[in-house]
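Please open the model in your viewer and keep the sequence panel beside it. The tour below suggests what to select at each stop and describes what is found there.

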Amino acid sequence: MTADTAQSLARLAAERVDHRFKGLPPDADGLTVAELAGQRRNLFTGGFATPVLALSAERLEHNLKLLETYAARHGLAFAPHGKTSMAPQLFQRQIEHGAWGITLAVPHQVRVARAFGTRRVFLANELVDAAALRWIAAELDADPDFRLVCYVDSVRGVELMDAALRDATRPVDVVVELAAGEGARTGVRTEAECAAVADAVAGTRTLRLVGVAGYEGEVPKADSERVTAWLRRLVALAADFDKAGRFSGLDEIVVSAGGSAWFDAVAEVFAEIPELSRPVLKLLRSGAYVSHDDGHYRKLTPFNRVPEEGALEPAFRLWTQVVSRPSAEQAFVNAGKRDAAYDLDLPFAQVIRRGGAERPATGVSVTALSDQHAWLATTPEADLEVGDWVGLGLSHPCTSFDKWQLIPVAEADGTVVDYVRTFF
C-alpha cells in the first residue's frame, strides 16, 4: 500500500458517523468510523436499526482469495471491475490479493480510484468527453506511475480524443474494442473497421494502441459456443494487429475480456493465445465476485460449470424487521426499493431471528417491493410475527452496493469488525 493510499483510507476511518448512513446505531452519532469499528458491536444486539445491509467478513475474504487463486492458476492478470462496489477499501483489498489494477466505466469512477491512490486503471468504455480527458492527461503528467488504458471504437472518437489531448505530455493508452456482435453494445463491428480505428490511433501522437478488448457478456444469445467463438475472434484480431506491426515499440500487448458469467471461457481461450512479438497481458475484468449474490450470479457463475475450481459465496444479507402482519397469508418488512436490489430478481427471504435464535425462513417469500416495504407471502408453516428480523438475500451486487454509503462487515456471530464506504 502506498503512503497516499494509506492516508486516504485513514481519512475514511476518521469520518464521523451521523444521519447520512442508514442502519447504523443512532447512539453512534459523532463517533468516527474507526471508533465505532473498534467497539466491535454486534449487528443484532448493538443498536443497529433495521433495515441494515451487512457483508460477511468470512465470505468476502473467501471470494477475494478464490479469484486471486483462479487468475494465478490460469495465467491471467486481474483488474476486477470496481463499478460493482465503488468502495476504495475493497479496491485496496483486491490489489492486495494480486489484482493488476482496477477496471472502471466512467470518468467519475476513475476520479474516486485516483483519490485513493489506484495506480492502474482499465477504463472499459469509450471516453470522448474533453474535460475528463484533460483531467486524465493532467493525472498522467503528474504521476509517472499512473497508467490508464481505455477503449476506442470509432475514428470519430479518436479524433475527439486527439483534439482534447493536444497539450498532453504522455499519450493515453487505448485498446480497440471489438463488439460482441450485431446489435450488441459498444465496439467495432468488423475487423476491417477495427483496422481503420487502429490506423486513426497510429496517426496521432496523443494516443498509443496497446491491444484489443471487449465484453463477452454482450454476445447475443450467449452460450458457451457463441462466447468461445467471439473470444477467438478477439484473439485473432490481436494476432492480426501484431502481424501488421501495430504493436511495435510496446513492452506488452493487452488482450482483455471477462465479466462474471463467462470467465471460464475467457481463461480457456486466452490460454490459446499464440506467441506474439511481445508478451501478452491477459487481463480478466470480473467484478461481481467480490460479494457474489443469492440470485443472478448464483445461477450464472462459471464455477457451476467447473466446481472443481471452487465456489463463490454470497456475502450480502439485508436485515429487515416485520412491521405489519395483517393476515395469515401476508406480512410486511421495512425495506424496499430504496434498500434492496430488484433490477434482476426480488430479494429472497432466507432466515428469521427472534430472541437471539435464527432459523430458516420456511414458508416466507418476497412477492413485491414498495419504496420502503417488502411484501411477504406466508404459508401456514411460516412462523412469523411483528418484530421478527428477516434476513434477505439479494440478486445483483452492482445495484446492492449503490444503495448504501457505509456497510457493516460482520463476522459469523454478528460482530461488526469494519465498515465499507462506497462512492456512487
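## Stop one: unusual backbone in the loops

Begin by selecting Arg 40, which is found in the loop between α2 and β1. The model is a predicted one, and in it the phi of Arg 40 is near 50°, a positive value in a residue other than glycine. Most residues other than glycine have a negative phi, and most peptide bonds are trans. With a relative accessible area of 46%, Arg 40 is partly exposed.

Stay in that loop, which runs between α2 (33-38) and β1 (52-56), and select Pro 51, which lies there too. The peptide bond that joins Thr 50 and Pro 51 is cis, with omega at about -5°.

Now move along the chain to His 292, in the loop between β9 (280-284) and α11 (296-300). His 292 is not a glycine, and yet its phi is positive, at about 55°. Is His 292 buried or exposed? With a relative accessible area of 4%, His 292 is buried, whereas Arg 40 is partly exposed.

## Stop two: helix α4 and its surroundings

Next select helix α4 (residues 88-96) together with helix α3 (residues 57-73), and look at the place where their axes come within 9 Å and cross at roughly 45°. Angles from 35 to 65 degrees fall in the oblique class, and α3 and α4 are therefore oblique to each other. Their crossing is right-handed. To show the contact itself, display Leu 60, Glu 61 and Leu 64 on α3, along with Leu 90, Arg 93 and Gln 94 on α4. Sorted by class, this contact of α3 with α4 comprises three nonpolar, one polar and two charged residues.

Keep α4 selected and add α1, which packs against α4 at an angle of about 140°, the two axes being 10 Å apart. That angle makes α1 oblique to α4. The crossing of α1 and α4 is left-handed. Here Thr 5, Leu 9 and Leu 12 in α1 meet Pro 88, Gln 89 and Gln 92 in α4. The contact of α1 with α4 has three nonpolar and three polar residues, and no charged ones.

Which residues of α4 are buried? They are Pro 88, Gln 89, Leu 90, Phe 91, Gln 92 and Gln 94. To see what covers them, bring in the surrounding elements, among them α1 (3-13), α3, β3 (102-104), α5, α12 (398-401) and β18 (416-421). Before leaving this stop, follow the chain out of α4 to Gly 98, whose phi is positive, near 95°.

## Stop three: helices α5 and α6

Select helix α5 (residues 107-115) and helix α6 (residues 130-142), which pack with their axes 10 Å apart and at an angle of about 25°. That angle makes α5 roughly parallel to α6. The crossing of α5 and α6 is left-handed. On α5 the contact is made by Pro 107, Val 110, Arg 111 and Arg 114, and on α6 by Ala 132, Trp 135 and Glu 139. The residues in this contact of α5 with α6 divide into four nonpolar and three charged, with no polar ones.

## Stop four: a buried valine in a strand

Turn to Val 210, which lies in strand β7 (residues 207-213). Its relative accessibility is 0%, and Val 210 therefore counts as buried. To display its surroundings, leave aside the neighbours within four places in sequence and show the residues with which Val 210 is in contact, namely Arg 147, Val 149, Asp 173, Val 174, Val 175, Phe 247, Leu 250, Glu 252, Ile 253 and Val 254. For a distance across the model, pick the C-alpha atoms of Val 210 and Ala 99, which are separated by 19 Å and belong to residues 111 apart along the chain.

## Stop five: the cysteines

Finish by selecting the cysteines. How many disulfides does a search of the whole structure find? The search finds zero. Cys 194, for instance, is in no disulfide, and the nearest cysteine sulfur, that of Cys 150, is 15 Å away. A disulfide would need the two sulfur atoms to be within 2.5 Å. Cys 194 counts as buried at 0% relative accessibility, and Cys 398 is also buried, with a relative accessible area of 11%.

Note on methods
Residues numbered from 1 in each chain as written. Predicted model: local features only at pLDDT ≥ 70, side-chain atom pairs only at ≥ 80, totals over all residues. Heavy atoms only, no water. Buried < 20%, exposed > 50% of the residue type's maximum accessible area, 1.4 Å probe, protein only. Helix = DSSP H or I, 4+ residues; strand = E, 2+ residues; numbered from the N terminus. Contact = heavy atoms within 4.5 Å. Axes fitted to C-alpha atoms, helices over the stretch in contact; angles between N-to-C directions. Parallel < 35°, antiparallel > 145°, perpendicular 65-115°, else oblique. Left-handed = near helix turned anticlockwise from the far one by under 90°. Nonpolar A, V, L, I, M, F, W, Y, C, P; charged D, E, K, R; others polar.
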